[in-house]
Amino acid sequence: MADGRHDTPEWRARQGVYAFCVVRVPAETLEPALDEIRRALAPLPIVRPHPDHFLHVSLQELGFVCEKPELPDEIDQERLDEFVSQLANALSGAPAFELRLGGANAFQDAIFLDVHDRGHCGRLHHRLRELAGILTVPKFAYLPHCNIAHFTGEAPIDDLPALIGRWRDRRFGAFEVSAIEVVTMDVRLTYPRLVPYAVHPLDGKG
């Protein structure tokens, strides 16, 4: 297991809020399975569960909002507003859809829930990535998921696969995705509120 915390000293030292596009995940739709796995993970000293308000599926990162972008993960206010103004055209025809979550799985640095959505998040990600003008090639292909915990240190994997395996085939819940959001968060905080910046409804027939 690897430390997957985002709130490192380097992260907190960056300028500005961080902007990205998300599907919010209503925690109440994941019960009782979410509370069950949280209770099972609670005794593990290097696992930090995500609070309800932080549950989301990330669609596209935009970057740190600053006055003079110099790095690939920085964006200025004008470019962010331009991105928002073009959302309606870029997502024209994108329909609302059902998103199912579960079972539980793990990356090297986080525990997450699988997303089952008939490819809708992947198609949204592709459109948003084009709109954002991201030129770099990511190390890993986009995989929609909902993180529910991060590891907070380096440690052997031990019995974690067996523990998570109890929820590997469990359906946690489902909900209709009728909008996507551009949100910002204060990088100085551990689990900041995702502050709405723009909301785009999905009402196309697809």
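## Questions on a predicted model

In this predicted model, strand S9, which spans residues 179-185, is mostly covered, with 6 of its 7 residues buried.

Q: Which strands form the open sheet with mixed pairing, and in what order do they stand?
A: Strand S9 pairs with S1 in the antiparallel sense over 5 bridges, and 6 bridges join S9 to strand S10 (residues 195-201), again with the two running antiparallel. On another part of the sheet, S3 and S4 pair in the parallel sense over 2 bridges. The edge strands are S4 and S10, each of which pairs on one side only. Read across the 5 strands of this open sheet, the order is S4-S3-S1-S9-S10.

Q: Which residue in S9 is the bridge partner of Val-22?
A: Strand S1 covers residues 18-24, and S1 pairs with S9 in the antiparallel sense over 5 bridges. In S9, the bridge partner of Val-22 is Glu-181.

Q: Which residue in S10 is the bridge partner of Val-183?
A: S9 and S10 run antiparallel and are joined by 6 bridges. In S10, the residue that partners Val-183 is Pro-196.

Q: Which residue in S4 is the bridge partner of Val-65?
A: Strand S3 takes in residues 56-65 and strand S4 residues 74-75, and these two strands pair in the parallel sense over 2 bridges. In S4, the partner of Val-65 is Ile-75.

Q: In what order do the strands of the antiparallel open sheet stand?
A: Strand S6 (residues 110-116) and S7 pair in the antiparallel sense over 5 bridges, and one contact in this pairing links Ala-110 with His-150 of S7. This open sheet has 5 strands with antiparallel pairing, in the order S2-S7-S6-S5-S8.

Q: Which are the edge strands of the sheet with the order S2-S7-S6-S5-S8?
A: In this open sheet of 5 strands with antiparallel pairing, the twist averages 30° from one strand to the next. The edge strands, each of which pairs on one side only, are strand S2 (47-49) and strand S8 (173-177).

Q: Which strand supplies the largest share of the lining of the largest pocket?
A: The largest pocket has a volume of about 1,700 Å³, and of the 43 residues that line it, the closest to its centre are Tyr-18, Ser-58, Gln-60, Glu-61 and His-145. Elements that each supply at least two residues of the lining include strand S1, helix H3 (77-85), helix H5 (120-132) and strand S7 (145-151). The largest share, 8 residues, comes from S3.

Q: How many residues of the lining of the largest pocket are nonpolar?
A: The lining of this pocket is made up of 43 residues. Its residues divide into 13 polar, 8 charged and, as the remaining group, nonpolar residues numbering 22.

Q: Why is Cys-66 not bonded to the closest cysteine sulfur, and how far away is that sulfur?
A: The structure holds 0 disulfides, and Cys-66 itself is buried, with a relative accessible area of 9%. A disulfide needs two cysteine sulfur atoms within 2.5 Å. The closest cysteine sulfur to that of Cys-66 belongs to Cys-21, and it is too far for a bond because the separation is 17 Å.

Q: Is Cys-146 buried or exposed?
A: Cys-146 is in no disulfide, and the nearest cysteine sulfur, that of Cys-121, is 11 Å away. Buried means under 20% relative accessible area. Because its relative accessibility is 0%, Cys-146 counts as buried.

Q: Is Asp-158 buried or exposed?
A: Asp-158 is found in the loop between S7 and helix H6 (160-165), and its C-alpha atom is separated by 33 Å from that of Val-22, 136 residues apart along the chain. With a relative accessibility of 58%, Asp-158 counts as exposed.

Q: Which residue has a positive phi although it is not a glycine?
A: Most residues other than glycine have a negative phi. The residue in question lies in the loop between S6 and H5, and at 79% relative accessibility it counts as exposed. With a phi of about 60°, this residue is Arg-118.

Q: Which residue does a cis peptide bond join to Glu-31?
A: Most peptide bonds are trans. A cis bond with omega of about 0° joins Gly-102 and Gly-103, and Gly-103 has its place in strand S5 (residues 97-106). The partner of Glu-31 is found in the loop between S1 and helix H2 (33-41), and with omega of about 5° the cis bond joins Glu-31 to Pro-32.

Conventions
Residues are numbered from 1 along each chain as its sequence is written. This is a predicted model: local features need pLDDT of at least 70, side-chain atom pairs count only at pLDDT 80 or more; totals for chains, interfaces and linings use all residues. Side-chain values use heavy atoms; hydrogens and water are left out. On a 1 Å grid over the protein atoms alone, a cavity is a set of points where a 1.4 Å probe fits but cannot get out, and a pocket is an open set with protein on both sides within 12 Å along at least five of seven lines; lining residues have an atom within 4 Å of a point. Grid points are joined across faces, edges and corners, and a volume is the space filled by probe spheres set on the points. Helices (H or I, at least four residues) and strands (E, at least two) are DSSP runs, numbered from the N terminus. Ala, Val, Leu, Ile, Met, Phe, Trp, Tyr, Cys and Pro count as nonpolar, Asp, Glu, Lys and Arg as charged, and the others, Gly among them, as polar. Two strands pair if DSSP finds at least two bridges between them. Axes are lines fitted to C-alpha atoms, for helices over the stretch in contact, and angles run from 0 to 180 degrees between N-to-C directions. Buried means under 20% relative accessible area, exposed over 50%, partly exposed in between (1.4 Å probe, protein chains only).
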